[in-house]
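Welcome! Open your viewer, and let's take a short walk together, one selection at a time.

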Amino acid sequence: MSPPQTPTIVIWPGAPGTSASLDLVGGKGLRLISLATNGIEELVPPFFIVASDIFRKIVARPDIAPLKKATLSGDELSDAAGRERYSDAVRNAILAVTLADDVAESIFAAFQTLQFSSYGGVAVRSSGVAEDGKTHSFAGQFDSILGITNQNDLLAAVKSCWASAFSARSIAYRQRHGLSMDDISMAVIVQIMVVGEVSGVMFTRAGPSQAPNTLISANWGLCEGVVSGLVATDEFSISHGDESIHTVIGDKQKKVMLSTGDGGATTTVSVPTEQQNSPSLTEPQAVQLHRLGQTIEASQGGPQDIEWTIRGDHIWVVQTRPITGNQQGSGKDEQIIWDNSNIVESYGGVTKPLTFSYIKYAYSVVYRQSCRISGIPEKDITSNAENFDNLLGSIRGRVYYNLKAWFTLLALFPGFNKNSVYMEQMLGLKESAEILTKRPRRTLLQKIRLGYRMLYNYLFIGTMIRRFERNFGTVSQDFGVIDLDQLSISESADLYHDMVGRLLYNWQAPLITDFLAMVFHGIMVDLTKKWKVDASGDISAELLGGGQPGPSMEVTLQLLGIADFIRSDETLMDLLMKTPAEACHNIIAQTEYARQLAQLTDQYLQEYGSRCMNELKLEEPTLKDRPDRFYRLLKSYLSQDDLSVSALHHKERARYVAAKRGLKNRLPGTIKRFVYLRAIHLARRHINNRELMRLRRTQGQDMLRRIFNRIGSGMVERQVLAEGHDVYLLQISELIGYIDGSVSDQDIGEIIINRRDEYERYLNEDDPPARIETHSSNGHSYEPSTTLNEPLYGKSLRGIPIAGGTVSGTARVIKSLSEDLDLADKILVIKQADPGWVHLFPAVRGLLVERGSALSHAAIIARELGLPTIVNISGLTSTVKDGDEVELDAARGTLRVISNDR
């Protein structure tokens, strides 16, 4: 038997006879050694590494090893609280360890060798064996302790780094990426701490591979402020071609510095006023960093994410890592801004994987079409493949827009400066996205071609809509004669592919109507502000409503018509009001004198039954699936005598006439008034076109829903799924993989179990904020946080005003149509409003919506109804409770909570 090997304790870069392997020094340590031994040593602050041998010896101790054996699939780690308990137990055990004398003495001896007295002490950084790899970076998962100047703090910092291998966030990261806990290993870097005047992060390759840039984020002080996102930064984009620089200067009010005293703490301090809006780097420094980055990229064999600092005239490289999963320089680890102010209207709350994976694919397909029909060169479409594929992200199960991808694609079109403002209005962004976007250069011929295509699309949009309607009608008719119950799983999958081919790849008209609605609404808003037409918003809102209902209102008008029919017959009225909503459908079908009512309701559900709350989420039941919800709506209408089709038409017309009279006073000039009314007319026309296309989208989604429901029931028959609805926990690729045989039954079962637990956790969480910043294009670097809401009684909230008027009353907070719908004389308060919510609007006196935009479905219907409305009110449903007395001023966009009855 060979004697046990003596563990390696300390490793110096380039020391003779030392093999600096990944297993011994970790990913970060190996990269530093590579830099220090490949001609860049004068740029790397001196350091040594406490080898991972010592970590492995520590965690093998009998008081720690049993704790470490918990598996990621164990029940104790299935939720955040369990991970915290497990993490605390292991970390406390590691921190309590007394190091062997030989280990402590070796670390102390190396520490004394570093001549750090003229610097800021040393930085002690974790270097995980799995860290900074090409697939998983573990960025931000492990500890770093700065400014250590004595031996006691040094040993405590080393143990803290070891313990961070078992932090709750590190465990969660391993769970998300399917990594084992059996191979956890940690080295520790001890490096001279350079306190630079300016520091930051550099991505050596960002943007398309055909025209890459170096992207540098910088601020005064330590790099920790930039890495953590605590401070604003300047952004420098340097072209790899001609080294031209595009600079965006941040408002750098704060910077991070070492705090006084020992212990490695940092503090945030104010930046001197004269430096706050001055560039933190000179152009020569930015170019010097860019060139250094190219040298490091060449030495490391791929694009790098580099932390650096500048002290005096000297650039120091603190660490480097490969840009995770991004060998083509697409910049996936750049800061990503996510926003769901608008898309939450379509996909509110938690959206299951099948729906998300389908819509992510659908957005990629249809927006490529949008570019092609607008004349965007094919090379631009090809080079932006990643942006098309990442227009959407899923964060804690919620759907978000990736604003960088959206605005980068918008920059392909002419008029970016103006269109970007219009897009912000359409998306309901409360603050400008301010995305750094490099616009492509166009030749004169390309500009002419783009202008011609956009003019053509505008002039012939009516023809394109009629062509789309004919195709959609044919597809719907063909689908309607199919008996889905007789289809096998594979036949159902074939039908899905057929539907996608016939609908998704012929989606040009809806795309153009979206764009035209955005542009002409933006023009109308510009003219309203420029000519000071409407300070209160009343005139423009009523004129935009048009005095007559658009396609969006037709669904509600049909329901009001059924209510009018019931009111005309006391026997029917009595039957409806006395019958529970759950029993109405069957009772009416079985009652002889209600035969005509049964025909009306069946016809309505056939035509509009797919229009329901969360109607675009494939997993949601429709009114056809849950007719009790339809009857709850009907009962709420019947409880209010003044709700009728004729009354609604009369009110709309009266408001429109009054608005035109008001416009004549505001714009006495005939030419200006003609131009303004023409802008209103075009905005209204294209908004109505867009709403018609949205109804078709809803109906198309319902066809897919029927197909997936059939596949789910077929998988239950095969005993692959316990419940048919579990099919929505799968992604499209997984579902098709099961059907074509590339994924086994066992794989599907394991996926379902894990996803069910994951999405149950998401359902029990509060919604994340409307805007989130992460450093990952899949949003995984976002972790939920708990926020405490200050009571707002007597204070104000603010949002986007939609329809004018000031009203006060009792708040009625509604989350679903399964609730009591006693809405008479109430102010409706909701999180978001997709088209399925608008049935409630005629029954209330005011509307408050937490998410949404000026072009959201709720806003359009509210204008037509003249309903005082405010949308995009941050924190609305977490602060306003059911029964609160509130006052809303829809001219100013303000809401005041007066009192509460709780």
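## A patch on the surface

Start by selecting L455, L459 and F460: together they make a nonpolar patch on the surface, with about 290 Å² of accessible area between them. Keep in mind as you look around that this is a predicted model.

Now keep just F460 selected. Where is F460 found? F460 sits in the loop that links α16 (444-459) to α17 (461-480). Its relative accessibility is 37%, so F460 counts as partly exposed, a class that lies between under 20% for buried and over 50% for exposed.

## On to the strands

Next, bring up the sheet. In what order do the five strands lie? The order is β1-β2-β5-β3-β4, in an open sheet with antiparallel pairing. Colour β1 (10-11) and β4 (144-148): these strands stand at the edges, and each has a single partner strand, so one side of each has no neighbour in the sheet.

Move inward and select β2 (residues 47-50) together with β5 (residues 186-192). Four bridges join β2 and β5 in the antiparallel sense. For a close look at this pair, show F47, which stands opposite Q191 in β5.

## Two cysteines to finish

Finally, select C223 and C584. Are they buried or exposed? C223 has 6% relative accessibility, so C223 counts as buried. C584 is buried as well, with a relative accessible area of 1%. And how many disulfides are there? With a disulfide taken as two cysteine sulfur atoms within 2.5 Å, the count comes to zero.

Technical notes
Residues are numbered from 1 along each chain as its sequence is written. This is a predicted model: local features need pLDDT of at least 70, side-chain atom pairs count only at pLDDT 80 or more; totals for chains, interfaces and linings use all residues. Side-chain values use heavy atoms; hydrogens and water are left out. Patches are made of residues with over 30% relative accessible area and no salt bridge: like charges are joined within 9 Å, nonpolar side chains (Val, Leu, Ile, Met, Phe, Trp, Tyr) within 5 Å. Accessible areas come from the Shrake-Rupley method with a 1.4 Å probe; for residues, only the protein chains shown count as cover. A salt bridge is a side-chain nitrogen of Lys or Arg within 4 Å of a carboxyl oxygen of Asp or Glu. Helices (H or I, at least four residues) and strands (E, at least two) are DSSP runs, numbered from the N terminus. Buried means under 20% relative accessible area, exposed over 50%, partly exposed in between (1.4 Å probe, protein chains only). Two strands pair if DSSP finds at least two bridges between them.
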